[in-house]
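Me: I have a model open and would like to know what stands behind the labels used for it. Please set each label against its cut-off.

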Amino acid sequence: MQGGESGAAEAEAAADARWLDAAASLASRARPHSAPNPAIAALVVKDGRVRGRGWTAPGGRPHAEAVALAQAGDAARAATLYVTLEPCAHASPRGPACADLVAQAGLARVVIGCTDPDPRTHGKGSARLRAAGIAVTLADHPACRDSLAGFLTRETKHRPHITLKLAVSADGFIGPVSGEPVAITGPIARAHVHRQRAMAEAILVGGATLRRDAPRLDVRLPGLEALSPRRLLLTRGDAPEGWEKLGSPEGITRLLPLQYLYVEGGAETAAAFLSASLVDEVHLYCAPLALGRGIPAYGALGAAAGGAPPPGFTCVDQRDLGRDSLRIFRPFQET
């Protein structure tokens with residue numbers, strides 16, 4: 001490849017990455033409304049400008065590509081479509097296959113952030129576009145994969161994607177030994193937790209947490225109250241009214257087609273899910289105060305002193321939330 005061609009290819013790849021980042025960010029608007037469908041976003045770009053954009057509508061239809069192409073209209077001709085997931089290729093009584101819609105739109109190019117693992121579409125969507133004379137780039141883009149974590153986990157591991165949330169003191173405890181409820185983190189960190197709740201389809205705590213704290217587990221951010229997720233209780237006994245019982249961490253398979261499960265507490269529940277290798281991401285909200293003695297964040301697996309990860313996890317992101325900080329951990333093999 002000549003120098004000029006190499007430089008043009010690098011510039012195109014860099015532009016593709018920026019537009020896919022934008023599409024992945026846009027996809028968050030579909031979550032969790034799109035369930036049980038994946039939260040997808042699409043951008044129609046021409047001459048460096050967005051001519052159409054869309055994300056999966058509540059309930060799953062219309063799809064992101066259909067919305068973006070309808071908004072772009074004639075401007076879609078000779079444009080580039082950026083989409084976070086491979087356009088679907090299977091027929092549905094609820095609407096046409098997106099691969100067919102995209103093939104008929106007169107696009108010059110389609111850049112796909114993530115191949116669809118669903119065998120009804122896997123490889124077929126992109127093949128149908130190429131057959132229509134459209135240039136197709138499969139980017140395998142990290143931000144797109146992250147935006148589809150619930151869907152990809154469901155399709156490949158046959159269970160929901162699980163985020164474990166814990167709020168810990170500087171010495172790694174989630175509360176005093178007495179079990180008395182105590183507010184460890186400040187208002188900014190707590191607001192962030194409510195935002196995470198709003199993006200989950202279900203939220204789970206253990207029986208000890210329910211008995212000790214009587215948590216509401218709802219979303220208390222203005223305008224997002226309606227997004228309070230289903231409430232699950234990890235227990236061998238009966239669940240009270242308004243709660244669903246989960247007998248063991250391995251029982252999460254019966255929750256399908258659920259995509260996103262948020263596990264909030266407490267230490268025994270955290271240890272149970274971690275020991276079963278069922279945690280995909282840990283959100284550790286770290287406060288500057290120390291308790292001296294307390295309940296270890298990871299139960300029998302130990303405390304989280306200094307914001308330490310659980311065994312087998314590594315930090316992939318960190319940010320300040322007022323006086324507190326959030327550390328995000330993932331298993332070693334997924335980094």
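Reply: This is a predicted model. We can start with helix α9, residues 267-275, whose buried residues are Ala-267, Thr-269, Ala-270, Ala-271, Phe-273 and Leu-274.

Me: What makes Phe-273 in helix α9 count as buried?

Reply: Buried means under 20% relative accessible area. Phe-273 is listed among the buried residues of α9, as is Leu-274. Just after α9, Ser-277 takes a positive phi of about 55 degrees.

Me: Why is strand β13 called mostly covered?

Reply: The cut-off is again under 20% relative accessible area. In β13, residues 324-331, 6 of the 8 residues are buried, and the strand is mostly covered.

Me: Which strands form the sheet that holds β13, and in what order?

Reply: The order is β9-β8-β7-β10-β6-β11-β13-β12, which makes 8 strands in an open sheet with mixed pairing. On average, neighbouring strands of this sheet are turned by 25 degrees against each other, direction ignored.

Me: What makes β9 and β12 edge strands?

Reply: Each of them pairs on one side only. β9 covers residues 244-246 and β12 covers residues 313-321.

Me: How do you know that β12 and β13 pair, and in which sense do they run?

Reply: Two strands pair if DSSP finds at least two bridges between them. β12 and β13 have 8 bridges, in the antiparallel sense, so the condition is met. One bridge joins Gln-318 to its partner Arg-327 in β13. The hairpin of β12 and β13 has 2 residues between the strands, and Gly-322 there takes a positive phi near 65 degrees.

Me: What makes β11 a partner of β13 as well?

Reply: The test is at least two bridges. Strand β11, residues 281-286, pairs with β13 over 5 bridges in the antiparallel sense. His-283 stands opposite Ile-328 in β13.

Me: Why is the pairing of this sheet called mixed?

Reply: Strands of a sheet pair through backbone hydrogen bonds, either parallel or antiparallel. Here β11 and β13 pair in the antiparallel sense, whereas β7 (residues 202-206) and β8 (residues 230-234) pair in the parallel sense over 5 bridges. Gly-206 stands opposite Leu-234 in β8.

Me: How many strands form the sheet that contains β1, and what is their order?

Reply: It is an open sheet of 5 strands, ordered β2-β1-β3-β4-β5, with mixed pairing. β2 (49-55) and β5 (135-138) each have a single partner strand and stand at the edges, so one side of each is left without a neighbour in the sheet. From one strand to the next the twist averages 15 degrees.

Me: How do you know that β4 and β5 pair?

Reply: The requirement is at least two bridges. Strand β4, residues 109-112, and β5 pair over 4 bridges in the parallel sense. Val-110 has Val-136 in β5 as its bridge partner.

Me: What makes helix α2 a helix that packs on the sheet?

Reply: Contact means heavy atoms within 4.5 Å. Helix α2, residues 64-72, touches β1 (41-46), β2 and β3 (80-83), and its direction makes about 145 degrees with that of β2. Helix α4, residues 124-131, lies across β4 and β5 and runs at about 155 degrees to β5.

Me: What makes the largest cavity a cavity?

Reply: A cavity is a set of points where a 1.4 Å probe fits but cannot get out. The search of the whole structure finds 1 cavity of 30 Å³ or more. About 50 Å³ of space lies in the largest cavity. Its lining includes Arg-31, Glu-201 and Tyr-260, and divides into 5 nonpolar, 3 polar and 2 charged residues.

Me: Which residues lie closest to the centre of the largest pocket?

Reply: A pocket, by contrast with a cavity, is an open set of points. The largest pocket has a volume of about 1,200 Å³. It is lined by 36 residues, and Asp-146, Ser-147, Ala-149, Glu-281 and Arg-330 are the closest to its centre. The classes in this lining are 14 nonpolar, 10 polar and 12 charged.

Me: Which element gives the most to the lining of the second largest pocket?

Reply: α7 does, with 5 residues. This pocket holds about 800 Å³ of space. Among its 31 lining residues, Lys-165, Val-182, Arg-197, Asp-213 and Glu-264 lie nearest its centre.

Conventions. Residues are numbered from 1 along each chain as its sequence is written. This is a predicted model: local features need pLDDT of at least 70, side-chain atom pairs count only at pLDDT 80 or more; totals for chains, interfaces and linings use all residues. Side-chain values use heavy atoms; hydrogens and water are left out. On a 1 Å grid over the protein atoms alone, a cavity is a set of points where a 1.4 Å probe fits but cannot get out, and a pocket is an open set with protein on both sides within 12 Å along at least five of seven lines; lining residues have an atom within 4 Å of a point. Grid points are joined across faces, edges and corners, and a volume is the space filled by probe spheres set on the points. Ala, Val, Leu, Ile, Met, Phe, Trp, Tyr, Cys and Pro count as nonpolar, Asp, Glu, Lys and Arg as charged, and the others, Gly among them, as polar. Axes are lines fitted to C-alpha atoms, for helices over the stretch in contact, and angles run from 0 to 180 degrees between N-to-C directions. Buried means under 20% relative accessible area, exposed over 50%, partly exposed in between (1.4 Å probe, protein chains only).
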